[in-house]
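Student: I would like a close look at a single part of this structure, taken slowly. Please start from one residue and work outwards from there.

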Amino acid sequence: MKQLVDKLYETGNLSPEEYKELIDNRNPEIAEYLFEKARNVRIENYGYDVYIRGLIEFTNYCRNDCFYCGIRKSNIKAERYRLTKEQILECCDTGYELGFRTFVLQGGEDEYFTDDKIVDIIRSIKVRYPDCAVTLSIGERSYESYKAFFDAGADRYLLRHETADYGHYRKLHPRSLSLENRMQCLFNLKEIGYQVGCGFMVGSPFQTTDCLVEDLLFIKKLNPHMVGIGPFIPHHATPFADKQAGTLELTLFLLGIIRLMLPDVLLPATTALGTIHPKGREMGILAGANVVMPNLSPKSVRKKYMLYDNKICTGDEAAECISCMRRRMESIGYRITVSRGDHKSIQQ
């Protein structure tokens, strides 16, 4: 197994069979060996800096009905909300004061937010904060929509593919959605010029090692600037309410693998990691991650943006959140930095 880790470290590549062997035969000793290599690669590329993104969850309306998601269209118990442009800008004002230089606008696929509305919001943020990056995470749109947002000033786009295995995709999504379209969106975003992020849930229902291998092969092929992975956590008002959650252990192992596959990738230690373990985000950083995403959404809406149960930081003020995060990162020898936190290729 150590030879496989060494090969991945040296070449950034394994065969499908080798990925499967490494994942299926992992143990604590191999994991620590992998994390040490991943930390070395991460420090080589980004030093001890941890980039922060200010997450603004601006709408929890969604036209989709994904079986795992707490804001799915069929969840009639979800308390729906939309932030106004003014509220979004207030979140940016707060964040800028606290040292955030990237704002992530995340929401369900909400048809109320037309292209014109999104363009107006992007432009308004860019006029007010020209030194900041704007990341969008608003799902599947047309090539023309993505181009309009990019031309308005959006820098990055996060679109988690959730699984790259076609059979598995069908078990997680209604018939109205297709993996082909999801993947095409990602390639469109890349072609337009965004810094692009994909990603998947670890331990989602019906996921096998073969599914995970497909994910890794797809990520290698796409060669994204960012990869967001986190454990599947069930939500009580979905068809997967009684399914087992994904594990911290496997999520960390995959973070280490992805760091070695794509040495300069931007790799978040996600909120979901912090939700399943009190030190989950610190452990994510020590497994090779280099990004954290504290919440800038107004406190009044945070509990309403509930993709899964028991999400953390729903009651914190943004300022509390960032000072807590700063202390957490310093406790493991890393530092939060005031920076847009671009991908290394863009920085150069």
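Tutor: Take I257 as the starting residue. Leaving out its neighbours within four places in sequence, I257 is in contact with L8, Y19, L22, I23, L34 and L216. Keep in mind that this is a predicted model. Apart from the core that holds I257 there is another one, made of eight residues, including Y46, V104, L266 and V291. The core of I257 is the largest nonpolar core and has 101 residues, and I257 is one of the four that touch the most other members, together with L136, F149 and L254. Helix α10, which covers residues 248-261, gives the most to this core, with ten residues. As a general point, nonpolar side chains in soluble globular proteins tend to be buried together.

Now move to strand β6, residues 195-202. Eight of the eight residues of β6 are buried, so the strand is largely enclosed by the rest of the structure. Part of what lies around β6 can be named from its pairing. Strand β5, residues 156-158, pairs with β6 in the parallel sense over three bridges. One of the pairs involved is R156 with its bridge partner Q195 in β6. Strand β7, residues 226-231, also pairs with β6 in the parallel sense, over six bridges. Here V202 has P231 in β7 as its bridge partner. The connection from β6 to β7 involves helix α9, residues 209-222, and β6, α9 and β7 make a right-handed β-α-β unit. L216, met above as a contact of I257, falls within the residue range of α9.

The next stop is a pair of annotated residues. The UniProt annotation "binding site", from an unreviewed entry, covers E162 and R182. They are spread over 21 residues of sequence but cluster in space, with a largest C-alpha distance of 9.4 Å.

Consider E162 on its own. This residue sits in the loop between β5 and α7 (166-172). Is E162 buried or exposed? Its relative accessible area is 9%, and a residue counts as buried under 20%, so E162 is buried. Not counting residues up to four places away in sequence, E162 touches Y68, H173, G199, F200 and M201. G199, F200 and M201 fall within the residue range of β6, so the loop residue E162 touches the enclosed strand described above.

R182 lies in helix α8, residues 179-192. Its relative accessibility is 14%, so R182 also counts as buried. Leaving aside neighbours within four places in sequence, R182 is in contact with E109, E140, L159, R160 and H161. The contact with R160 can be described in more detail: the backbone oxygen of R160 lies 2.9 Å from a polar atom of the R182 side chain.

The same UniProt entry type, unreviewed, lists residues 48-270 as "domain: Radical SAM core". The end C-alpha atoms of this span lie 18 Å apart, and the span is 39% helix and 17% strand.

One more region is worth following, beginning with V291 from the core of eight residues. V291 is the bridge partner in β8 of Y51. Strand β1, residues 49-52, is joined to β8 by two bridges, and the two run parallel. These strands belong to an open sheet of three strands in the order β8-β1-β9, with parallel pairing. The edge strands are β8 (291-292) and β9 (335-337), each of which pairs on one side only.

V292 is also in β8. With 0% relative accessibility, V292 counts as buried. Not counting residues up to four places away in sequence, V292 touches V50, Y51, I52, R53, A269, I285, M325, M329 and I336. The C-alpha atoms of V292 and I322 are 10.0 Å apart, and the two residues are 30 residues apart along the chain.

Last comes Q106, in strand β3, residues 102-107. At 15% relative accessibility, Q106 counts as buried. Its side chain makes a polar contact of 3.4 Å with the side chain of Y305. Leaving aside neighbours within four places in sequence, Q106 is in contact with Y305 and L307, and its other contacts include L55, F58 and S137.

Definitions and conventions
Residues are numbered from 1 along each chain as its sequence is written. This is a predicted model: local features need pLDDT of at least 70, side-chain atom pairs count only at pLDDT 80 or more; totals for chains, interfaces and linings use all residues. Side-chain values use heavy atoms; hydrogens and water are left out. A nonpolar core is a set of buried Ala, Val, Leu, Ile, Met, Phe, Trp, Tyr and Cys residues joined through side-chain atoms within 4.5 Å. Buried means under 20% relative accessible area, exposed over 50%, partly exposed in between (1.4 Å probe, protein chains only). Helices (H or I, at least four residues) and strands (E, at least two) are DSSP runs, numbered from the N terminus. Contact means heavy atoms within 4.5 Å. Two strands pair if DSSP finds at least two bridges between them. A crossover is right-handed if, with the strands pointing away from the viewer, the path from the first strand over the helix to the second runs clockwise. UniProt positions are given in the numbering used here, feature names are shortened, and annotations may be inferred rather than shown by experiment. A polar contact is a pair of N or O atoms within 3.5 Å; within protein, one must be able to donate a hydrogen and the other to accept it, and residues adjacent in sequence count only if both atoms are side-chain atoms.
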